[in-house]
Amino acid sequence: MATTQLPLADDLYLAAHDAGRGRCLLTPATLGLGLAAGLLGELVFWRRLELYDDQVTVLDERPTPEPATAAVLQQLLLESHHRRIRDWIAFLATGVATELVERRLARAGLVRRVEKRGLLGTKVRFVPTDPATAAWPGTRIRIAATRGELLDGPDLVLAGLVLATGLDQHVLVTLEARERDHLFDQLRRRMPATLQHLVGHAEAAVGDAVMARRA
């Protein structure tokens, strides 16, 4: 069984894909919103950002050592007059976050590019190269909840984003009521406030996107 803990947004991307067939379990819009929040969360863990209420504050302008979060931080600095968390989630969800995460996973050899030709042109998607690695993020959260174990910071946010995007209907569906209660209690009590704000805004953005599709 794979045991590597990847960057937060990468773990969410893999959790959002069927480990056997490589099919995405979320709509592109919902996946983009989750990955956008995931990249912002990574910058919090890099101690580059503070998120409070509905505002983004840059704490450290130095680039991170890896390209995806460095690119997001650079954009935040270029557009520093935009401060609302929801605005940044919405912007990154336009395709920016998905492209950055897919590129990072491809560099690591964890996804491969697949092209499918059709009447309307060629569709490109990225699918996980190893089912065990793709399944591990969701499995890791599920095992911890089943055993009553405590999640670390990134996995707390991963669990929060799994719930915010509705991905729990796929990866946490086997949890019993007491196990879900244990997980929810951790999210309430142990997730830092700055990251609770992030997950809350991501959940609201997903809700708005769902309502817009139904309208």
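## A buried leucine, a charged patch and two positive phi angles

In this predicted model, Leu156 sits in helix α7, which covers residues 153-164. Leu156 counts as buried because its relative accessibility is 2%, and buried means under 20% relative accessible area. When its neighbours within four places in sequence are left aside, Leu156 is in contact with Leu151, Gln186, Leu187, Arg190 and Met191. Ala134, by comparison, is separated from Leu156 by 22 residues in sequence and by 18 Å in space, taken from C-alpha to C-alpha.

The surface offers another picture, for Arg112, Lys116, Lys123 and Arg125 gather there in a patch of positive charge. Strands β3 (111-118) and β4 (121-128) each supply at least two residues of this positive patch. Lys116, one of the patch residues, lies in strand β3 and counts as exposed because its relative accessibility is 64%.

Two loop residues draw attention through their backbone angles. Most residues other than glycine have a negative phi. Arg47, in the loop between α2 (28-45) and β1 (49-52), nevertheless has a positive phi near 65 degrees, and Asp53, in the loop between β1 and β2 (55-58), has a positive phi of about 55 degrees although it is not a glycine. Arg47 is exposed, whereas Asp53 is partly exposed.

The table sets out the relative accessibility of the residues discussed above.

| Residue | Relative accessibility | Class |
|---|---|---|
| Leu156 | 2% | buried |
| Lys116 | 64% | exposed |
| Arg47 | 67% | exposed |
| Asp53 | 48% | partly exposed |

Notes:
Residues numbered from 1 in each chain as written. Predicted model: local features only at pLDDT ≥ 70, side-chain atom pairs only at ≥ 80, totals over all residues. Heavy atoms only, no water. Patch = residues over 30% accessible without salt bridge, like charges linked within 9 Å, V, L, I, M, F, W, Y side chains within 5 Å. Areas by Shrake-Rupley, 256 points an atom, 1.4 Å probe, with all protein chains shown as cover. Salt bridge = Lys/Arg side-chain N within 4 Å of Asp/Glu carboxyl O. Lys, Arg positive; Asp, Glu negative; His and termini not counted. Charge placed at Lys NZ, Arg CZ, Asp CG, Glu CD. Helix = DSSP H or I, 4+ residues; strand = E, 2+ residues; numbered from the N terminus. Buried < 20%, exposed > 50% of the residue type's maximum accessible area, 1.4 Å probe, protein only. Contact = heavy atoms within 4.5 Å.
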